[in-house]
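Colleague: Would you kindly take a close look at the aromatic pairs of this structure for a first-year student? What describes a pair of aromatic rings, and which rings are stacked?

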Amino acid sequence: MIEAITAHTREIDNVNSAVSEILAQIDIGKLRKNSVGILACHAEFILSGVVKTLCASLPFETAGLSSIASAVPGSCGTDALSLLVLTSDDVFFSSALSPALSAENWKASGEDLYRRALEGLPEGAGKCALGLAFMPFIPLRVGGDKILAVLDEASGGVPFFGGLATGYSLTDTPPPFVLFNGEEYTDRLAVVLLSGRVRPRFARVFIAESKVSVRKGIVTASEGNLVKTIDGMPAVSYLEKLGLTDGGKLRWILTIPVIIDCGDGADPVSLVIVDQTPEGYICMGGSVPVNSTFSVGSIDRGDVLAGAADILKLIAEERASVFLFFSCTLRARVLKLEQTAEIGRAAELLDDSVPYLFTYSGGEFCPLHSGDGDRTDNRFHNVTLIACALTEPQALPSESSSK
């Protein structure tokens with residue numbers, strides 16, 4: 001089985017005090033044979049040296065990201081460092097970091113990253129059950145789902161859960177960071193693989209069906225995450241008809257939820273528009289195939305707070321050892337001056353009965369259950385609250401299973 005320990009601090013400036021506070025919450029002597037740390041924090045903890053000093057003091061590897069807010073039991077805030085330690089005798093962990101990603105190497109780098117992480121799992125550990133992924137905002141016209149697709153193909157469909165590092169804007173100083181063993185990166189992908197006696201279950205909520213426009217356009221030309229035409233007209237012209245432009249410029253880039261139904265039998269996903277081009281095309285957070293339906297939606301404070309309750313209902317039947325939650329930064333922005341209200345609502349409902357880590361992201365990796373046993377399909381999302389419950393399987397994985 002898997003056990004979890006959580007720790008937190010709000011001490012940013014005094015490095016020694018912050019590290020001592022975290023270590024006091026972790027009984028190192030009670031750790032199992034295998035452990036890994038998942039870390040989420042405000043970027044100031046990275047710049048002050050807290051993260052680097054802390055990770056050098058821990059007897060296990062760590063991975064994670066910077067975020068606008070995070071929480072573990074007993075702590076919730078924008079100025080928080082939150083640490084979740086997974087430890088077990090019969091669950092195994094292996095982490096790896098990619099080289100710097102570029103337009104030329106991102107596909108090969110993702111494949112190599114998974115291979116190296118897989119090699120870190122011991123023989124006899126059984127099939128890889130879950131991958132946790134922490135991705136940077138990279139200046140490539142590559143939707144978040146493209147790198148996820150590389151991991152999916154390289155792994156043969158292993159479910160991946162996680163998100164993109166985030167800040168208050170894409171022009172933040174400092175920028176969003178991916179964290180790996182105390183070092184920060186703006187252009188690298190980190191993964192943690194789990195195998196052994198663990199069974200992940202997933203849930204997600206995005207926007208209410210009543211908040212989705214009944215007007216549905218059909219994507220008539222696209223290339224990856226570049227939507228060229230909708231209903232036969234340039235995408236920006238289509239959005240102009242909906243009143244979403246001003247002088248040919250989109251008014252709410254990164255803030256308009258768009259529901260995409262690929263028509264492949266899978267559930268629709270929520271994405272955002274991240275850019276527009278001189279040709280009148282739009283770049284989405286993830287890929288949008290031709291013939292997909294395109295529906296504009298909206299989200300308000302009530303939707304965000306209801307989402308916390310809805311997602312906990314979806315996973316209420318799971319006897320989980322630990323929960324991980326990632327919520328899109330846009331959901332926090334909707335709350336305006338109450339940015340931590342969603343985290344607070346989730347914490348209130350969980351009542352600290354099960355260890356958890358809740359953090360914000362700039363895009364979410366969450367598999368969708370296919371309805372066929374434990375089979376899942378990896379999907380990328382925006383404007384979504386996602387959850388992963390780590391539970392214990394009914395039987396040990398077959399020793400003969402290949403990785």
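Modeller: The following account treats the aromatic pairs, with attention to two of them. The model is a predicted one. A pair of aromatic rings is described by two quantities, the distance of the centres and the angle of the planes. Searching the whole structure yields 8 aromatic pairs.

One of these is formed by Phe-161 and Phe-202, whose ring centres are 6.2 Å apart. The planes of these two rings meet at 25°, and because planes under 30 degrees apart count as stacked, this pair is stacked. Phe-161 belongs to strand 9 (residues 160-164), whereas Phe-202 belongs to strand 13 (residues 199-205). The pair therefore ties together parts that are 41 residues apart in sequence. As for accessibility, a residue counts as buried under 20%. Phe-161 has a relative accessibility of 1% and so counts as buried; Phe-202, at 7%, also counts as buried.

A further stacked pair is that of Phe-325 and Phe-358, with 5.6 Å from centre to centre and 25° between the planes. Here Phe-325 lies in strand 23 (residues 320-328) and Phe-358 in strand 24 (residues 356-361), so this pair ties together parts that are 33 residues apart in sequence. Phe-325 counts as buried because its relative accessibility is 1%, and Phe-358 counts as buried at 1% as well.

Phe-325 and Phe-358 also belong to a cluster: ring pairs link them with Phe-323 and Tyr-360.

Conventions: Residues numbered from 1 in each chain as written. Predicted model: local features only at pLDDT ≥ 70, side-chain atom pairs only at ≥ 80, totals over all residues. Heavy atoms only, no water. Phe/Tyr/Trp six-rings, centres within 6.5 Å; stacked < 30°, edge-to-face > 60°. Helix = DSSP H or I, 4+ residues; strand = E, 2+ residues; numbered from the N terminus. Buried < 20%, exposed > 50% of the residue type's maximum accessible area, 1.4 Å probe, protein only.
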